[in-house]
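Here's a quick briefing to read with the model open beside you. Keep the sequence handy as you go through the points.

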Amino acid sequence: RVEAVWGGAAPFAHHGFDAISLATAGRSAWSVHTARDTADNLHPKGFEQAGQVALRLIERLASKGDSVG
């Protein structure tokens, strides 16, 4: 079942894979996937923060084992 999926996870979810996207909320987020979406708009700190969130999520899911889902 696909519910309100957009962004990078959408193609995977539409093909039946569990998928998640991490996104930021800020002024630069409005230019994502537009002509203004260029490398100079990338912020290393944002990637670091997203990576930390993903790592913590993976660790929590792994500690729960098969009880998730």
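What follows is a short tour, from the whole chain down to a few single residues.

This is a predicted model, so treat everything below as computed from it. The chain has two helices and zero strands. Of its 69 residues, 6% count as buried.

**Overall surface**
- The accessible surface of the chain adds up to about 6300 Å². Carbon and sulfur atoms account for 58% of that area.
- There's a nonpolar patch on the surface, formed by I20, L22, V53, L57 and L61. Together these residues offer about 450 Å² of accessible area.

**Helix α2 and what comes after**
- Helix α2 runs over residues 44–64, which makes 21 residues. At 1.5 Å a residue it should span 30 Å, and its end C-alpha atoms sit 31 Å apart, so the two values agree.
- Right after α2 comes G65, and its phi is positive, near 65 degrees.
- V53, one of the patch residues, lies in helix α2. V53 has a relative accessible area of 45%, and it counts as partly exposed because that falls between the 20% and 50% cut-offs.

**Helix α1 and A10**
- Helix α1 covers residues 10–14, and A10 is found in it.
- Is A10 buried or exposed? A10 has 13% relative accessibility, so it counts as buried, the cut-off being under 20%.
- A10 and I20 are 10 residues apart along the chain, and their C-alpha atoms are separated by 8.4 Å. I20 is also part of the nonpolar patch mentioned above.

**The loop between α1 and α2**
- A29 has its place in this loop. With a relative accessible area of 24%, A29 is partly exposed, because that value is not under the 20% needed to be buried.
- From A29 to N41 is 12 residues along the chain, with 9.4 Å between the C-alpha atoms.
- S31 is found in the loop between α1 and α2 too. Its relative accessibility is 8%, which is under 20%, so S31 counts as buried.
- Which residues does S31 touch, leaving aside its neighbours within four places in sequence? They are R36, D37 and N41.
- N41 therefore turns up twice here: it is in contact with S31, and its C-alpha atom is 9.4 Å from that of A29.

Terms used: Residues are numbered from 1 along each chain as its sequence is written. This is a predicted model: local features need pLDDT of at least 70, side-chain atom pairs count only at pLDDT 80 or more; totals for chains, interfaces and linings use all residues. Side-chain values use heavy atoms; hydrogens and water are left out. Helices (H or I, at least four residues) and strands (E, at least two) are DSSP runs, numbered from the N terminus. The expected span of a helix is 1.5 Å times one less than its number of residues. Buried means under 20% relative accessible area, exposed over 50%, partly exposed in between (1.4 Å probe, protein chains only). Accessible areas come from the Shrake-Rupley method with a 1.4 Å probe; for residues, only the protein chains shown count as cover. Patches are made of residues with over 30% relative accessible area and no salt bridge: like charges are joined within 9 Å, nonpolar side chains (Val, Leu, Ile, Met, Phe, Trp, Tyr) within 5 Å. A salt bridge is a side-chain nitrogen of Lys or Arg within 4 Å of a carboxyl oxygen of Asp or Glu. Contact means heavy atoms within 4.5 Å.
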